[in-house]
Amino acid sequence: MASNTEKGREFQLRARIALRDLTGLDFEMEVKLPIGKPAKLHPFDLGSPDRRFVGECKAFTFTKSGNIPSAKITTLREAALYLLQLPPGTNRFIVMKRDVRPGHAESLAEYFARLNAGLLEDVVILELSEDGAICYIHGNPWQKPVSGLVAASEGATSPFEPPN
């Protein structure tokens with residue numbers, strides 16, 4: 001059985017491939033960037049070569065009993081706050097594993113975005129399914145349209161075009 005660290009690393013690699021296929025950018029892993037005052041290096045999971053796109057990857061799921069993973073939600077909030085420390089103009093994102101609680105229609109990414117919309121500001125929430133499909137959940141994805149990115153509310157059936 002794989003450890004949580006191994007599962008997280010595997011998801012990070014899957015997210016990197018999905019984002020490369022979506023954007024054409026070859027994302028680097030474990031990108032250390034200065035944040036805060038005084039500035040301190042923080043390792044972000046993914047970053048484009050020019051650092052215009054920087055994000056975190058989280059393979060979190062609901063608990064085995066179907067409850068909300070409150071400690072993981074706290075970790076997601078912390079990731080968003082780190083991303084918000086990046087310079088203006090940076091496209092910030094969190095890629096989350098698609099996980100739906102039994103008996104409910106809402107995924108963990110949708111739940112997190114709904115409850116934390118005010119905290120997220122311009123942090124984009126993306127959801128990656130087991131089959132490699134990536135869906136937009138929250139935020140204005142990138143300054144220019146990315147063909148193939150779809151909104152979860154659209155059922156991942158039509159291309160999502162962000163507002164100009």
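**Helix H3 and its surroundings**

Helix H3 is followed by Glu-121, whose phi is positive, near 45°; helices (H or I, at least four residues) and strands (E, at least two) are here DSSP runs, numbered from the N terminus. The model is predicted, so that local features need pLDDT of at least 70 and side-chain atom pairs count only at pLDDT 80 or more, whereas totals for chains, interfaces and linings use all residues. Residues are numbered from 1 along each chain as its sequence is written, and side-chain values use heavy atoms, with hydrogens and water left out.

H3 comprises 13 residues, 108-120, yet its end C-alpha atoms are only 15 Å apart, short of the 18 Å that a straight helix would reach at 1.5 Å a residue, the expected span being 1.5 Å times one less than the number of residues. A kink of about 50° is centred on Arg-114, the bend being the angle between axes fitted to the seven residues ending there and the seven starting there. Among the buried residues of H3 (under 20% relative accessible area, 1.4 Å probe, protein chains only) are Tyr-111, Phe-112 and Asn-116, and the buried residues of this helix pack against helix H2 (70-84) and strands S4 (91-97), S5 (124-128) and S6 (134-138), with contact meaning heavy atoms within 4.5 Å.

Elsewhere, strands S1 (residues 28-35) and S2 (residues 40-47) pair in the antiparallel sense over seven bridges, where pairing requires that DSSP finds at least two bridges between two strands. These strands form a hairpin with four residues between them, and Gly-36 in the turn has a positive phi of about 80°.

Note on methods: Buried < 20%, exposed > 50% of the residue type's maximum accessible area, 1.4 Å probe, protein only.
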